[in-house]
Amino acid sequence: MIPPPVHVSVFAGARSPMPAARDALSWGAFCDEIAALCREETSATDKRDLVAFGPYRLRDGATRSAANVERMASVAALDLDSVDLDALRARLAELGVSAIVHGSPSDDEHGTRKARVYVQLDSEHDPAYAGRVRAGVAAMLGVEPDKSTSNADRIFFCGRLAGTPPRFVERFNGRALELAELPPAPTPASTMTAPTHAAAPTPD
């Protein structure tokens, strides 16, 4: 099955509640856009002024909020505040999945490595499962994402701050990760009847 296009809502910075654009990109075009934004220096000195995107479709005319997310895109976005890049590379190669990894605005190549990881998925999913899908992908990669980034309407900054070097970018060619492959999520005793699989959000 050919994965669907990656639908993104693009914002002119973190302070913009309305998307400046809505795009549907092939996986290759999505990666090209990220690589270009990481390479090109901007005049921004605050990451909140960088171009940001949400990997989801918002309802027409709606502002950015979890309640207005219509569908999550066919990509899992992870924000890693500390990561062993060599271990991550090895795991991505072992899984054989398509992904793109780039440094965050505060990445330090001589100290703590901070990165964003985008893994291609075989389908879109329901926003109610955004956090569960991200957690499942992170578990498969052996990484610990920022726990504050599990909300469906999370945006991810792309771009290069003024006076900073180009962000590192690495692409991994492979297959789309299937939602059905994700590990089951823990089931609290009080919600034993709730769906327990990260892939529960009825793929398109």
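Okay, let's start with the sheet you can see at the N-terminal end of the numbering. Four strands make an open sheet here, ordered S2-S1-S3-S9, and the pairing is antiparallel. At the edges sit strand S2, residues 21-25, and strand S9, residues 156-157, and each of those pairs on one side only. Before I go on, a reminder that this is a predicted model.

Inside that sheet, have a look at S1 and S3. Strand S1 covers residues 6-11, strand S3 covers residues 52-54, and three bridges join the two, running antiparallel. If you want a landmark for the register, find Ser9: the residue opposite, in S3, is Gly54.

Now, what lies across this sheet? Helix H1, residues 27-39, lies across S1, S2 and S3. Its direction is at about 130° to S2.

That brings me to the aromatics. The count for the model is six aromatic pairs. The one I'd like to show you is Phe30 with Phe53: the ring centres are 5.7 Å apart and the planes stand at 85°, so we call this pair edge-to-face. What I like here is the connection through the chain, with Phe30 in helix H1 and Phe53 in strand S3, 23 residues apart, so to speak a link between distant parts of the chain.

Stay with those two rings for a moment, as both Phe30 and Phe53 turn up again in the lining of the second largest pocket. That pocket has a volume of about 170 Å³. Besides the two phenylalanines, its lining includes Val8 and Val10, Asp23 and Leu25, Glu33, Ile34 and Leu37, Val51 and Ala52, and also Cys158. Which elements give two or more residues to this lining? They are S1, S2, H1 and S3. H1 gives the most, with four residues. By class, we have 10 nonpolar residues, no polar ones and two charged.

Right, over to the other sheet. This one is also open, with four strands in the order S6-S8-S7-S10 and antiparallel pairing. S6 and strand S10, residues 169-172, are the edge strands, each pairing on one side only. On average, neighbouring strands in this sheet are turned by 10° against each other, if you ignore direction. Strand S7, residues 99-103, is joined to S10 by four bridges, and the two run antiparallel. A pair to click on there: Ala99 has Phe172 in S10 as its bridge partner.

And the helix on this sheet is H3, which packs on it and touches S6 and strand S8, residues 115-120. The direction of H3 makes about 70° with that of S6.

So what about enclosed space? How many cavities of 30 Å³ or more does the structure hold? One. The space in there is about 40 Å³. Lining this cavity are Pro55, Met72, Val75, Ala76, Ala77, His125, Ala130, Val133 and Arg134. Strand S6, residues 75-80, and helix H3, residues 130-141, each supply at least two residues of that lining. Sorted by class, the lining has seven nonpolar residues, one polar and one charged.

Last stop, the largest pocket. Its volume is about 260 Å³. Which of its 15 lining residues lie nearest the centre? Those are Ser104, Asp107, Pro165, Pro166 and Arg167. The whole lining divides into five nonpolar, four polar and six charged residues. Put that beside the second largest pocket, with its 10 nonpolar, no polar and two charged residues.

Okay, that's the tour. If you'd like to follow one thread on screen, take H1: find it lying across S1, S2 and S3, pick out Phe30 and its edge-to-face partner Phe53, and then look at the pocket lining that H1 contributes four residues to. Happy to go back to any of these views.

Note on methods. Residues numbered from 1 in each chain as written. Predicted model: local features only at pLDDT ≥ 70, side-chain atom pairs only at ≥ 80, totals over all residues. Heavy atoms only, no water. Pairing = 2+ DSSP bridges. Contact = heavy atoms within 4.5 Å. Axes fitted to C-alpha atoms, helices over the stretch in contact; angles between N-to-C directions. 1 Å grid on protein atoms, 1.4 Å probe; cavity = no way out; pocket = protein on both sides within 12 Å on 5 of 7 lines; lining within 4 Å. Points joined across faces, edges and corners; volume = space filled by probe spheres on them. Nonpolar A, V, L, I, M, F, W, Y, C, P; charged D, E, K, R; others polar. Phe/Tyr/Trp six-rings, centres within 6.5 Å; stacked < 30°, edge-to-face > 60°.
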